[in-house]
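Please examine the sequence and the structure shown below. A short report on selected features accompanies them.

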Amino acid sequence: EQEALVLVLDVGPSMHSVLPEIEKVCSLMIQKKLVFSRYDEVGFVLFGSADTKNELTEEVGGYEHVTVLRNIKVVDEDLVDALQSLPRGSVPGDFLDAIVVGMDMLIKKFGQTNKGKKRLCLITNAVSPIKDPFEGTKEDQVNTIATQMAAQSMKMDCIIVRMKQDWETNRRVMEENDFLMSVFSNKSSSKVVYVESPTSLLGALRTRNILPVTIYRGDFEISAQLKIKVWVYKKTSEEKFPILKKYSDKAHPTDKFATHEIKVDYEYQSIEDPNKVVPPDQRIKGFQYGPQVVPISSAELEAVKFKPEKSVKLLGFTDATNIMRHYYLKDVNSFIGEPGNKKAILALSALARTMKEMNKVAIVRCVWRQGQGNVVVGALTPNVSDKDNTPDSFYFNVLPFAEDVREFQFPSFSNLPSSMQPNEKQQEAADKLVQMLDLAPPGKQEVLPPDFTPNPVLERYYRYLDLKSKHPDAAVPPLDETLRKITEPDVELLFRNKSIIEEFRRSFELKDNPKMKKSARRMKERPSGSDEEREEFDKDADAKAIDSMEYSSKTKVEKVGDVNPVEDFEEMLSRRDDPKWINKAIHDMKNRIFDLVENSYEGDTFHKALECLVVLRKGCILEQEPKQFNDFLCHLSKFCQEKDLRSFCQYLTSNDITLITKAEAPDSEIPEHEARSFMVKPELDSQNMKPEAKVENDIMSIYLGGK
């Protein structure tokens, strides 16, 4: 259905600084109507203008400085042009007079028809005083206007634009006007929003009117005996990029009935005979199953589909903490009690308030329509309203099935080596940087709030579409400054906090990633001249090649050496140019530990072996390789028993070296209690045991534990 809209715009002196942004956003709204709602009707009313031009002034007097710039009529391109050059007013405006003039235009145009489709949109800073009425108070006057607005089924959006300079004006007048706006909000279908930036203004004006359409109307089945009538709406839905249709210019220019539509037909041909067309009744879909393709006909495919009955059923309740935010899929829906059904509204409200009090969410199974090919399971989160005229409701989020979850295990930052963790000074610098870029600082309006931040890609497209319609050869203009603030950091904010950014930069030493220098022996033209000169050139080339190789060997570690095995191991783990380095680092470190233990003299290398073992354990946790470490530790224990190196086992026990548990690495199969008992030797009478049993018992006591 078509909407009838009257834009009521304040053009008084206090609004001059924001009028360019108002021109842009109002023009954009008309541009979108030309795309999506080209039969909508729009009119303009300006207040604060030097002139007075409206029918009420002629009929009853008053209503000065209110100008009807354009009467209500179907949107066209002239309307866009008119909005892009609004006149600047010279007197403070009275928004109540302007609202009454706008209402009068809608009533005279539509009367009692077009119910629910008549809308006023007021844009002002509301810093100018309202004239005192002839009778009663200003509040009485607003109540009368709001009552008439409700009787005529009119809606109103009030956008109060207040920049920094507006807050320095008369506070008493602003507070009084804000109170009058709240009366409109409480007594009629009016919505009041406050914005403090051009970006928020761009998002505050509803540029595209989307009708609320239910995706489900029916029972919310709690049990076979208890059902609540509910309606389900979409709360959020991604705005898609407009579909660009193929256009044909083959029709005659004078043909007024030409659709310029292009129809696409597909033709299937036989592989054996490319000239033979395969008709639809001889075609069948095939699905890959291993090396073969399994043909399944349309009838079979339809028969195998799951066809549940339309329903919404409660499966149970769970703590809200059990539903992680990252589980949410797709869009958000809103559950409300059936309008007009008091019992349903009360029942849903009671359920929502109880769940809110107990911090619970409901898990429900939903089939939105009959014949739907799939079932969704989701969480109902209570939305308890804080307004008297708004009933309680629920938000519904689709939850994933097992096949939808991507369980990728990533190591914890706390398991990184100490050399890869920030120190106190670095952490403080990072804290300052985050606080500096806080989009919702205490005591201030949030920057880029989702409700008021439009999609810059779509906004730019619609503006260019309007430009292209008037100038077919127009180039794409640069990005508008208002849209740039959405896509790029605030330049002024960065400049004001340059010292914080610089401190953060200094706290972290950034180095270029050195690349292998090309060999100095590459194909290069040798210099002409004497043999001595050519010989000297070759010597220089050889020297450069040697320097290059030495430099490369210093920058990249390729094995765990004897001198600094811990540093070599950490360096190899940090390499990401090839996955092989992780396994090679672990393998090399195992060999290095074996060498240190086996070649020790009275335990002189045990300390270094322990350091290597500790860093190997951390590395295996970090890279999610617990089995490699656990197997190695068991093998090392057995090796020590066989080589009569039990003193090293005792050394490990005294330093609490244990197996990697499942709590530390999800891939581990070792429970915590088993890891705690690791390396504890049982007190058995070894003298009465056979030698083979004694060795076996020692090994098992080391691996499994026992006491």
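The report turns to a helix pair, to nonpolar cores and to one residue elsewhere.

This is a predicted model, in which local features need pLDDT of at least 70 and side-chain atom pairs count only at pLDDT 80 or more, while totals for chains, interfaces and linings use all residues. Residues are numbered from 1 along each chain as its sequence is written, and side-chain values use heavy atoms, with hydrogens and water left out.

Helices here are DSSP runs (H or I, at least four residues), numbered from the N terminus.

| Helix | Residues |
|---|---|
| H17 | 580–598 |
| H18 | 606–622 |

The axes of H17 and H18 lie 9 Å apart, at an angle of about 160°. H17 is therefore roughly antiparallel to H18 (a term for angles over 145 degrees). Where the two helices meet, residues of H17 including Ile586, Met589 and Ile593 are in contact (heavy atoms within 4.5 Å) with residues of H18, among them Leu613 and Leu616. By class, this contact of H17 with H18 has twelve nonpolar, no polar and two charged residues.

The largest nonpolar core (buried Ala, Val, Leu, Ile, Met, Phe, Trp, Tyr and Cys residues joined through side-chain atoms within 4.5 Å; buried means under 20% relative accessible area) has 40 residues. Phe569, Ile593, Leu613, Leu616 and Leu636 touch the most other members. Apart from this core lies another, of 38 residues, among them Leu7 and Val80.

Ile345, in helix H9 (residues 342–358), is partly exposed, with a relative accessible area of 26% (the term covers 20% to 50%). The C-alpha atoms of Ile345 and Pro391 are separated by 7.2 Å.

How values were computed. Axes fitted to C-alpha atoms, helices over the stretch in contact; angles between N-to-C directions. Parallel < 35°, antiparallel > 145°, perpendicular 65-115°, else oblique. Nonpolar A, V, L, I, M, F, W, Y, C, P; charged D, E, K, R; others polar. Buried < 20%, exposed > 50% of the residue type's maximum accessible area, 1.4 Å probe, protein only.
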